[in-house]
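Thank you for making time for this one. I would like to walk through a single chain, beginning with how far the coordinates can be trusted and ending with how the side chains pack.

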Amino acid sequence: MGQSEDSRIYDPAYLYYKKLFVFDENRPVEAVIRTYTKDDFPALIRVQEESFPPPYPPEQWWNEEQLTEHVQRYPEGALCVEVAGEVVGSMTGLRVNYDVEQAVEHTWSALTDDGYIRTHLPDGNTLYIVDICIRPAYRKFGLGKWMMQSMYEVVVNQGLQRLIGGGRMPGYQRVAAAMSVDAYVAALLDGSLKDPVITFLLRCGRTPVKVVKNYLKDEESLDYGLLMEWRNPFLNEPKE
């Protein structure tokens, strides 16, 4: 592109490559969001281990076989973020056919094939989020929100109807004795409570669709998930 390797903002070696600045308090820090490859597998597994400590089930961390399926079946949905040349986060998706108006109860395991994404449909109308994680030491940089924005760009680029996924509700366990899961979601939406995951997704522009029971084995969420979407604004269907 006529730029030096250090200053370029595009790298043709990756399907997706974006250079940007994030902030460590008031200090700009250079970051790169790009497609992840086989060379990144060890770093991606370390990110999982740091991001999802116990009581999150260790067997749900990525393994090399799952990551191989990601980069072979749907590399457009396999993104990582680097800071100072070090992979510090990742986000993975697959394409499915999904009708939000008839949101069928489902589990993370069934829809994502336990994270192997062999359920990926190349002509699917929806990008379904399998996972997003940022190493704890880097969460103050706002990288998760930039990763979500990058997946929105994939949705627009591929002409998909929406991005959708189930969000964990790790704050629910603390108040479950006092309120139902629906009351918990209502409290998150009116701002009287905050949840580490759901409040983050709201800040990223995701909107709730429905609560899903037994969505994911997760002690902190009591196995509930909140299905949340982001619709492609260029494919906004007129109301009848």
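Confidence in the chain is lowest in helix α3, residues 108–112, where the mean pLDDT is 93, and highest in strand β3, residues 78–83, where it reaches 98. This is a predicted model, and the chain as a whole averages a pLDDT of 91, with 93% of the residues scoring at least 70. The stretch I would set aside is residues 1–7, over which pLDDT stays under 50 and for which the model has five contacts beyond four places in sequence. Where pLDDT is low, the predicted coordinates should not be read in detail.

Turning to the overall fold, the secondary structure of the chain comes to six helices and eight strands, and from the N terminus on these elements run β-β-α-α-β-β-α-β-α-β-α-α-β-β. For 240 residues, a compact globule would have a radius of gyration near 18 Å, and because the chain has 18 Å, the two agree. Along the principal axes, the C-alpha atoms fill a box of roughly 60 × 40 × 35 Å. Of the 240 residues, 50% count as buried, and among contacts between residues at least 6 apart in sequence, 68% join residues at least 24 apart.

Now to the interior. The largest nonpolar core has 68 residues, of which Leu-127, Leu-143 and Leu-163 touch the most other members, while helix α4 gives the most to this core, with seven residues. If we leave out residues up to four places away in sequence, Leu-163 touches ten positions that I will only sample here, among them Leu-127, Met-148, Tyr-152, Arg-206 and Trp-230.

Two of those neighbours bring us to the aromatic rings. A search of the whole structure finds five aromatic pairs. One of them joins Tyr-138 and Phe-141, edge-to-face, at 5.6 Å centre to centre with 75 degrees between the planes, and both of these residues are buried. Another joins Tyr-152 and Trp-230, which are stacked at 4.1 Å centre to centre with 10 degrees between the planes. Since Tyr-152 lies in helix α4, residues 143–157, and Trp-230 in strand β8, residues 225–231, this pair ties together parts that are 78 residues apart in sequence. Tyr-152 and Trp-230 are both buried as well. Elsewhere, ring pairs link Tyr-172, Tyr-184 and Tyr-224 into a cluster, and the charged end of Arg-118 sits over the ring of Tyr-116, 4.6 Å from its centre.

What does helix α1 pack against? Its buried residues, which within 41–51 are Phe-41, Ala-43, Leu-44, Ile-45, Val-47, Gln-48 and Ser-51, pack against α2 (64–73), β3, β4 (86–96) and β5 (126–134). Note that the buried set of α1 includes Gln-48 and Ser-51 alongside residues such as Leu-44 and Ile-45.

I will finish with an acidic residue. Is Asp-218, in the loop between β7 (207–212) and β8, buried or exposed? At 3% relative accessibility it counts as buried, because the cut-off for that class is under 20%. Apart from residues up to four places away in sequence, Asp-218 touches Arg-168 and Asp-223, and I would be glad to look at that loop together on the screen.

Note on methods. Residues are numbered from 1 along each chain as its sequence is written. This is a predicted model: local features need pLDDT of at least 70, side-chain atom pairs count only at pLDDT 80 or more; totals for chains, interfaces and linings use all residues. Side-chain values use heavy atoms; hydrogens and water are left out. Rings of Phe, Tyr and Trp (its six-membered ring) pair if their centres lie within 6.5 Å; planes under 30 degrees apart count as stacked, over 60 as edge-to-face and the rest as tilted. Buried means under 20% relative accessible area, exposed over 50%, partly exposed in between (1.4 Å probe, protein chains only). Helices (H or I, at least four residues) and strands (E, at least two) are DSSP runs, numbered from the N terminus. A charge sits over a ring if NZ of Lys or CZ of Arg is within 6 Å of the ring centre and within 35 degrees of the ring normal. A nonpolar core is a set of buried Ala, Val, Leu, Ile, Met, Phe, Trp, Tyr and Cys residues joined through side-chain atoms within 4.5 Å. Contact means heavy atoms within 4.5 Å. pLDDT is the predictor's confidence in each residue, from 0 to 100. The radius of gyration is taken over C-alpha atoms; the globule rule is 2.2 Å times the number of residues to the power 0.38.
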